[in-house]
Every structure is written in C-alpha cells, then in structure tokens.
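Welcome! Let's look at how a few descriptive terms are earned here, one question at a time.

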Amino acid sequence: MSDELEALRKEVTELRTTVKLLNDVHEINDVFFKWHFECTGGFKGKQAGRAAALECLTEDAQIDVPPNPPGKGPKGRAEYTEFWDYFYGDEGPLPYVFQTSTADKVVVDGDSATQYSNMLGIFQARGGQPTIGLSQRINTFRRTPEGWRICKTTIEGGLSSTLTAELNPHGLNELPPQQERVPFHIRKYGADPA
C-alpha cells in the first residue's frame, strides 16, 4: 500500500507542476495578446498604440526595437512612455497599426521566462503607403506581484514590403493634423542611427 501511495503522491506532484507551467504559459501569452490588442487601431474610433499596452511592461522594462540603436532602446517607465507617446494616436505619425503574433513558444525558468514569436503587422504611417511586415520577436518576462510582465521586448530581424493596394478607407479614423513630435532616439542620442 505504501508503494501505491508514494506513486500517487509523485503523480499528483507532477500534475501540479504541469498545471502550474501551463498556467504560466497561458498567462504569458495572454499578456502578449493584450500588447498586440492595445497596439492595434486606427479604425472605428479606436486609436493605435493605446497606453494600456504599457501595462504589459515592468517598471524597468526595455523596448529594444528599431529605430533605436541595438541595446539602446528606451528603458524604464519614463523613457518607454516617452518613446511610445511619439508614435501613436490619431495626431501622431503612425495612426494605423494592425498587428498580431503567431507560433508563440514560451520557456519558463522559475520566475522568468522567454517567449519567442513571429509577428505579422500591417502599418501605415501618416501620408505613406501601407506596409506589411513579418518579424521575429523575443520577449523576456518576469513574474511580478501583478502577474507576468515583459521586462524586455526585441525584434530580431524580419522583412517588410509596401502593399500594392491602399487600405480601405471605410472605417479608418479621420486624422487631425499631425502634432510636432521628436522621436525618443533623436532626443536621447541627437541623431538618427541609420
């Protein structure tokens, strides 16, 4: 009887470990879904790049994506909010954003995790042609008292191409005049890194 009880205890422990891992992966993927959901907009009155996306980040998070020099993206709430505020809203230079991720893979290591995903996006800068892009993203997550949060997000290469057709204007937000804004990387480093 004691061997059967010990086997049952071991099985219950393994099941608890598996359920905890599955819950962690589910929560991590939900956070990144929220990120994309809050970034997407520019239609039916919904603005692109809503600030709720920043709730997915830790206070010390880094957004290490172009146009910032590698390793020098905005870090910490003040800098990444400044970076964010340049791009988004109907008054900004990037009013139309449609993005999502696919093929998410999550590797959990205790209270940290790495998520790998492929991102598909259609973007239209103010006055520009719509583009479609595929990129690979790597997100580092940390477990916080509020749940899993992104502490670093990167774009690891990819490709983009101009779409040959205009976005259907039906339902897109009418844009007010663009506000004068200076990008984070130029304010911080004084020049475009390209």
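Q: What makes W84 buried or exposed?
A: W84 has a relative accessible area of 4%. Buried means under 20% relative accessible area, exposed over 50%, and partly exposed in between, with a 1.4 Å probe and protein chains only. So W84 counts as buried. This is a predicted model, where local features need pLDDT of at least 70, side-chain atom pairs count only at pLDDT 80 or more, and totals for chains, interfaces and linings use all residues. Residues are numbered from 1 along each chain as its sequence is written, and side-chain values use heavy atoms, leaving out hydrogens and water.

Q: Is Y88 buried or exposed, and what value tells you?
A: Y88 has a relative accessibility of 16%, so Y88 counts as buried too.

Q: How many aromatic pairs does a search of the whole structure find?
A: The search finds 8. Rings of Phe, Tyr and Trp (its six-membered ring) pair if their centres lie within 6.5 Å.

Q: Why is the pair of W84 and Y88 called stacked, edge-to-face or tilted?
A: Their ring centres are 4.7 Å apart and the planes stand at 45°. Planes under 30 degrees apart count as stacked, over 60 as edge-to-face and the rest as tilted, so this pair is tilted.

Q: Which residues do ring pairs link into a cluster?
A: The cluster holds W35, F83, W84, Y86, F87, Y88 and F184.

Q: How do you know that K46 lies over the face of F37?
A: K46 is at 4.0 Å from the ring centre of F37. A charge sits over a ring if NZ of Lys or CZ of Arg is within 6 Å of the ring centre and within 35 degrees of the ring normal, so K46 fits the description.
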